[in-house]
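Here are some exercises to work through with the model open beside you. Try each task yourself before reading the solution.

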Amino acid sequence: MARQKYKVIAVRRYSVEGEPGREIVLKIGEPIQPVSPSGSWTCPVLLDGLEPDIQYAEGVDAVQAIQSAMRYARHALEKCGLPITWLGQEPGDIGLPLPIDGPFGLWFQRRLEKLVDDETERVGEIVAAVLKERARKKRGP
């Protein structure tokens, strides 16, 4: 599919480690309402500098189409194999977290969310304890 005109609603610029001056620009377009009531919304997504063509992510509504575009971008950036960086973070940290959902319904999604929340809290407590111990060692006995 050739490049077409669309209204860009979000842009993110990535660098490629070890390739000064190389940039990959993620552009997400405004979702396009389906022509027929039974059709899907589509959301243009372009990874300029990585892929030559606009892709179209689909969803049952505009929000899901945007979510699909972000999921598509994450997948494409991860599978390209390049050491992509964003805002000086470590390569691979592209700032597009994987949504937590699953094929088994709301109960399963909530269970996954709780596991993530619990693990985040646990790691936060470990980090706080390590920082507290470092501060104690700096002060001395």
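**Exercise 1. Find which residue of β2 stands opposite arginine 12, then work out how β1 and β2 are joined.**

Solution. This is a predicted model, so every value here is computed from it.
- Step 1: look across from arginine 12, and you meet leucine 26 in β2.
- Step 2: move to valine 11, whose bridge partner in β2 is lysine 27.
- Step 3: take the two strands as a whole. β1 and β2 run antiparallel and are joined by seven bridges.
- Step 4: follow the chain from one strand to the other. Six residues lie between β1 and β2 in this hairpin, and in the turn glycine 18 has a positive phi of about 85 degrees.

**Exercise 2. Place β2 in its sheet, and say which strands stand at the edges.**

Solution.
- Step 1: start again from leucine 26, whose bridge partner in β3 is leucine 47.
- Step 2: count the bridges between these strands. Four of them join β2 to β3 (residues 41–48), and the pair runs antiparallel.
- Step 3: turn to β1 and β5, an antiparallel pair joined by two bridges. In β5, serine 15 has threonine 85 as its bridge partner, while valine 16 has isoleucine 84.
- Step 4: put the strands in order. The result is an open sheet of five strands, β4-β3-β2-β1-β5, with antiparallel pairing.
- Step 5: read off the edges. β4 (55–59) and β5 (84–85) each have a single partner strand, so one side of each is left without a neighbour in the sheet.
- Step 6: check how covered β2 is. Five of its seven residues are buried, so the strand is mostly covered, given that buried means under 20% relative accessible area.

**Exercise 3. Describe the surroundings of glutamate 17.**

Solution.
- Step 1: locate glutamate 17 in the loop between β1 (8–16) and β2 (23–29).
- Step 2: judge its exposure. Glutamate 17 has a relative accessible area of 48%, so it is partly exposed, because exposed requires over 50%.
- Step 3: list the contacts. Leaving aside residues up to four places away in sequence, glutamate 17 touches Pro83, Thr85 and Pro91.
- Step 4: compare with a residue elsewhere in the chain. Isoleucine 126 is 109 residues apart from glutamate 17, and their C-alpha atoms are separated by 31 Å.

**Exercise 4. Test whether the span of helix α2 agrees with its number of residues.**

Solution.
- Step 1: note that α2 covers residues 106–139, which makes 34 residues.
- Step 2: at 1.5 Å a residue, expect a span of 50 Å.
- Step 3: set this against the end C-alpha atoms, which are 49 Å apart, so the two values agree.
- Step 4: look just after α2, where glycine 140 takes a positive phi of about 85 degrees.

**Exercise 5. What lines the largest pocket, and how much space lies in it?**

Solution.
- Step 1: the space in the largest pocket is about 170 Å³.
- Step 2: its lining consists of Gln64, Gln67, Ser68, Arg71, Pro99 and Asp101.
- Step 3: sorted by class, the lining has one nonpolar, three polar and two charged residues.

Methods. Residues numbered from 1 in each chain as written. Predicted model: local features only at pLDDT ≥ 70, side-chain atom pairs only at ≥ 80, totals over all residues. Heavy atoms only, no water. Helix = DSSP H or I, 4+ residues; strand = E, 2+ residues; numbered from the N terminus. Expected span 1.5 Å × (residues − 1). Buried < 20%, exposed > 50% of the residue type's maximum accessible area, 1.4 Å probe, protein only. Contact = heavy atoms within 4.5 Å. Pairing = 2+ DSSP bridges. 1 Å grid on protein atoms, 1.4 Å probe; cavity = no way out; pocket = protein on both sides within 12 Å on 5 of 7 lines; lining within 4 Å. Points joined across faces, edges and corners; volume = space filled by probe spheres on them. Nonpolar A, V, L, I, M, F, W, Y, C, P; charged D, E, K, R; others polar.
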